[in-house]
Amino acid sequence: MDVPEHTIVFADSGGYDFAVETLDTTPRETLETQRQLEADIFGTVDVPLSRDHRSAKNQQRIDRSIDFALAASDLHDGEELLLASVHGYDPETIRNSIQYLEKRGDFDGYALGSLVPIRTDYTKVTKLVLAARTATDKHLHVYGLGGLVYQPLLLYLGVDSFDSSAFIRSAGNRNYLLPGFGGEELWNIEELEYLPCSCPVCGDRTLDEIRADRDALTQHNLWALTTELRRFRYVSTAGKDIETYLDLRFQGNKVTQRAYKIAKQQVRGLA
Ligand SMILES: [Zn+2]
C-alpha cells in the first residue's frame, strides 16, 4: 500500500467476510497471507458472533475461534506479534476465553471481536472491554470500533489499539467529522468561509469543495481521528486528569456523554 517503511501493519483474518456460513481459510493459510502482506501484527482466524444467533450457535463459534487461535499459536514461529481473536457477549466468557488461551497458547496479546453488532449498547460493550482488560496485561486490540465517539472511550478503558472504517463510512455518507465535539457532525450550513479544521486537507478548501470531494473528506475524517488521538496522548503524557478532560470532551453530545458516564461508573467500580 506504499506506506512508509516504519508504519506498523496489523492484518486481521477478515472475519467479517465470513459472515456467511462457510469459512474459506485455515489458520495456516491466514498466517501465510499475513506474512506475504509483511504485516507486523497478526490476528487469528475467527468466526464472529451474531446478536440474532441462538446462544448455542454463538457458543460453537466462540469455541471454533479459540481452536483456530490455538492452531495459529502452534503454527506461528516468526517475529511478528500474534494476537488471539476472542469473542463473547458476556464478561465471563471473555475472561474465561483469555485465561484459557493464555494457559494453552503463546500469544502477544488479545483482540476482541463481534462488538460491531452491539455497538450502540454502550453498557454491554464497556463491560466486555473491561472484562478483557482486567483478564490480561498484554496488548489489547478491539476490532471494528474507533470512530470519534468510541476512540476516546476505548483509550479511557485501557485498550491499546483498535481499527475502524468509520472515517471512510462517514465520508461515504458525506459526513464531516468534527474534532473536539464528541462525534458531532458538521451542521448543514449554507455558507462558511473557513472550515473548522486546520488539517492539511481543510486548510485551503471551502465547505462546498470538501462536500464535493469524497477522497478529501475521507482524508479529513482520518485527520479528525488522528487529532483526537494526539490530544488524548498529550493529556495522558502531560499527567493531566483524563476524566476532567473527557468530562469536557463529551459535554457537547448527550448520547456520548451518557456512554462515557457508563464507562466511568464501571471503571470506578473496579477501583
Ligand atoms: Zn480537516
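Leu 23 sits in the loop that links strand S1 to helix H1 (27-36). This is a predicted model, and Leu 23 is a friendly place to start reading it. With 15 other C-beta atoms within 10 Å, Leu 23 is partly exposed, because a residue needs 20 or more to count as buried. Its C-alpha atom is 9.5 Å from that of Val 45, although 22 residues along the chain lie between the two positions. From here, the points below move out to the whole protein, then to its sheet, its core and a few single residues.

**The whole protein**

- The protein contains 10 helices and 6 strands.
- Two domains are assigned: domain 1 covers 10-144, and domain 2 covers 169-253.
- Taken over C-alpha atoms, the centres of domain 1 and domain 2 are 31 Å apart.
- A compact globule of 271 residues would have a radius of gyration near 18 Å, and the 20 Å found for the protein agrees with that.
- Along the principal axes, the C-alpha atoms fill a box of roughly 60 × 45 × 40 Å.
- Of the 271 residues, 37% count as buried.
- Among contacts in the protein with a separation of 6 or more, 67% are between residues 24 or more positions apart.

**The sheet**

- How are the strands ordered in the sheet? The 6 strands form an open sheet in the order S1-S2-S3-S4-S5-S6, with parallel pairing.
- At the edges are strand S1 (10-11) and strand S6 (161-162), each of which pairs on one side only.
- Strand S2 (residues 41-43) runs parallel to S3, and 3 bridges join the two.
- Within that pairing, Ile 41 stands opposite Leu 81 in S3.
- S3 and S4 also run parallel, joined by 4 bridges.
- Here Val 86 has Leu 112 of S4 standing opposite.
- Strand S5 (residues 139-142) pairs with S6 over 2 bridges, again in the parallel sense.
- In this pairing, Ser 161 in S6 is the bridge partner of His 141.
- S3 is mostly covered, with 5 of its 6 residues buried.

**Helix H4 and the nonpolar core**

- Helix H4 (residues 122-135) lies across three strands: strand S3 (81-86), strand S4 (109-112) and S5.
- Relative to S4, helix H4 runs at about 170°.
- In soluble globular proteins, nonpolar side chains tend to be buried together.
- The largest nonpolar core in this model has 60 residues.
- Those with the most contacts inside this core are Tyr 110, Leu 112, Val 129, Ala 132, Val 142 and Leu 154.
- Which element gives the largest share of this core? Helix H4 does, with 8 residues.
- Why does this core lie between the two domains? Domain 1 (10-144) and domain 2 (169-253) both give residues to the core, so the core lies between them.
- Val 129 offers a view of the packing: leaving aside neighbours within four places in sequence, Val 129 is in contact with Leu 112, Val 142, Leu 154, Leu 157 and Val 159.

**Two residues with positive phi**

- Most residues other than glycine have a negative phi.
- Ser 114 has a phi near 65°, a positive value in a residue other than glycine.
- Ser 114 lies in the loop between S4 and H4.
- Is Ser 114 buried or exposed? Ser 114 counts as buried because it has 26 C-beta neighbours inside 10 Å, and the cut-off is 20 or more.
- Arg 174 also has a positive phi, near 60°, and is likewise a residue other than glycine.
- The loop that holds Arg 174 lies between helix H6 (166-172) and helix H7 (207-212).
- Arg 174 is partly exposed, with 13 other C-beta atoms within 10 Å.

**A residue in helix H9**

- Asp 247 is found in helix H9, which spans residues 242-249.
- With 14 other C-beta atoms within 10 Å, Asp 247 is partly exposed.
- The C-alpha atoms of Asp 247 and Arg 231 are separated by 14 Å, and the two residues are 16 residues apart along the chain.

Conventions: Residues are numbered from 1 along each chain as its sequence is written. This is a predicted model: local features need pLDDT of at least 70, side-chain atom pairs count only at pLDDT 80 or more; totals for chains, interfaces and linings use all residues. A residue is buried if 20 or more other C-beta atoms lie within 10 Å of its own, exposed if 12 or fewer, and partly exposed in between; C-beta atoms are placed from the backbone. Domain bounds come from an automatic or database domain assignment. The radius of gyration is taken over C-alpha atoms; the globule rule is 2.2 Å times the number of residues to the power 0.38. Two residues are in contact if their C-beta atoms, placed from the backbone, lie within 7 Å. Two strands pair if DSSP finds at least two bridges between them. Axes are lines fitted to C-alpha atoms, for helices over the stretch in contact, and angles run from 0 to 180 degrees between N-to-C directions. A nonpolar core is a set of buried Ala, Val, Leu, Ile, Met, Phe, Trp, Tyr and Cys residues joined through C-beta atoms within 7 Å.
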